[in-house]
Amino acid sequence: MPMASEETPEEVSHEAPEQIRGTRWRRFALVLIPGFAAAGVLGGMTTQGLLAASFAVSGDSFKMSASEFSGQGFTQYGDVATSADGSSRAVGLSRVGNAQLSDLCMSSLWDLPIGQATLVITAGESTPVEGTNFVLDIEQLQGHAEFGAIEIGRDASTLDKTEGGQGPAGGFGLQADTINVTDMELTTWAVTSGSLHLSGLGLAIKPGNHECF
């Protein structure tokens with residue numbers, strides 16, 4: 001299924017979709033894709049405690065890829081991601097309880113006064129990245145997916161495969177016990193994680209366009 005900026009995040013809660021985000025998108029047609037790990041690209045990496053799952057997104061999406069993603073507990077429903085300037089875009093709000101990623105790459109293309117540059121984060125080449133309680137504002141994903149015990153078209157307010165994964169009553173939702181995606185290429189607006197272990201972390205700012213895909 002397509003593609004962060006320097007703006008300072010502000011508080012906008014994913015936890016109250018009926019009040020702030022989801023009410024205008026109850027009939028949003030979702031793609032069948034997983035939410036997954038890697039909040040580090042937004043400067044929110046943590047190895048203990050909870051990372052806030054609420055902020056205004058930047059004006060740019062960013063890209064992630066992995067040779068394999070696997071997760072236990074997955075939910076998704078239609079929602080809205082709102083930027084600090086008040087602009088909004090439709091997303092599939094996805095949650096995964098526990099996830100592992102191999103050969104993770106995250107990239108954000110920047111337009112700077114001296115030209116383009118790319119933030120590139122890599123991890124999980126020899127030992128998979130591990131994380132819990134992921135919240136992902138997903139725009140597009142491509143890959144080969146396998147779901148365990150999937151339920152498609154369930155009322156979003158009744159989703160129960162992840163903690164806090166419920167959407168607005170009457171909204172289109174889907175969930176599964178497990179998810180596995182190989183050759184994953186993902187475009188997202190925001191990712192948060194309760195905990196994240198990035199083995200073999202590498203971070204570089206490269207002049208020009210060096211996105212993950």
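How many of the 213 residues of this protein count as buried, as a percentage? The answer is 49%. Before I go on, keep in mind that what you see is a predicted model, and every value I quote is computed from it.

Okay, the overall layout. We have 1 helix and 9 strands. If you walk along the sequence, the pattern reads α-β-β-β-β-β-β-β-β-β, with the helix up front and then strands to the end. On the outside, the protein exposes about 9,400 Å², and 50% of that area comes from carbon and sulfur atoms.

Let's start with strand S1, since a lot hangs off it. S1 covers residues 62-82. Of its 21 residues, 18 are buried, so the rest of the structure largely encloses this strand.

Which strands does S1 pair with? One partner is S7, running antiparallel to S1 over 14 bridges. If you want a spot to zoom in on, Gln72 sits opposite Thr178 of S7. Another partner is S2, again antiparallel, and again joined to S1 by 14 bridges. There, look for Gly78 facing Gly92 in S2. S1 and S2 also make a hairpin, with 5 residues between the two strands. In that turn, Gly86 has a positive phi, about 95 degrees. Then there is S3, which pairs with S1 in the antiparallel sense over 3 bridges. The marker for that pairing is Met64, opposite Met106 in S3.

Now, the inside. As a general point, nonpolar side chains in soluble globular proteins tend to be buried together. Here the largest nonpolar core has 27 residues. Who touches the most other members? That would be Phe69, Leu101, Val129 and Met184. The strands that each put at least two residues into this core are S1, S2 (88-102), S3 (104-112), S4 (115-123), S5 (129-148) and S7 (172-192). S7 gives the largest share, with 7 residues. There is also a second core, separate from that one, made of 5 residues, and Tyr77, Leu93, Ala156 and Leu159 are among them.

Not everything nonpolar is tucked away, though. Ile150, Ile152 and Phe172 make a nonpolar patch on the surface, about 240 Å². Of those three, Ile152 belongs to strand S6, residues 151-155.

On to the charged side chains. Opposite charges can pair when the charged atoms come close. How many salt bridges turn up in a search of the whole structure? There are 4, and I'll go through some of them.

Take Lys63 and Glu211 to begin with. Their side chains meet at 3.8 Å, N to O. If you're setting up a cut-off, note that a salt bridge here needs the nitrogen and oxygen within 4 Å, so 3.8 Å makes the list. This pair links distant parts of the chain, with Lys63 in S1 and Glu211 in the segment after S9 (202-207), 148 residues apart. And are they buried or exposed? Both are buried.

Next, a little cluster. Glu151 and Arg154 form a salt bridge at 2.7 Å, N to O. Arg154 also bridges to Asp160, this time at 3.5 Å. Through those shared partners, Glu151, Arg154 and Asp160 join into one network. As for burial, Glu151 has a relative accessible area of 30%, so it is partly exposed. Arg154 comes in at 25% and is partly exposed too. Asp160, at 49%, also counts as partly exposed.

Last item: the cysteines. The disulfide count comes to 1, and the residues involved are Cys105 and Cys212, with sulfur atoms 2.0 Å apart. What is the handedness of that link? With -85 degrees about the S-S bond, it is left-handed. Cys105 is in S3 and Cys212 is in the segment after S9, so the disulfide ties together parts of the chain 107 residues apart in sequence. Cys105 and Cys212 are both buried.

So, if you have the viewer open, look at that end segment after S9 once more. Glu211 there pairs with Lys63 of S1, and Cys212 there is bonded to Cys105 of S3. S1 and S3 are themselves antiparallel partners. That's all from me.

Terms used: Residues numbered from 1 in each chain as written. Predicted model: local features only at pLDDT ≥ 70, side-chain atom pairs only at ≥ 80, totals over all residues. Heavy atoms only, no water. Patch = residues over 30% accessible without salt bridge, like charges linked within 9 Å, V, L, I, M, F, W, Y side chains within 5 Å. Areas by Shrake-Rupley, 256 points an atom, 1.4 Å probe, with all protein chains shown as cover. Helix = DSSP H or I, 4+ residues; strand = E, 2+ residues; numbered from the N terminus. Core = buried A, V, L, I, M, F, W, Y, C linked by side-chain atoms within 4.5 Å. Buried < 20%, exposed > 50% of the residue type's maximum accessible area, 1.4 Å probe, protein only. Pairing = 2+ DSSP bridges. Disulfide = S-S within 2.5 Å.
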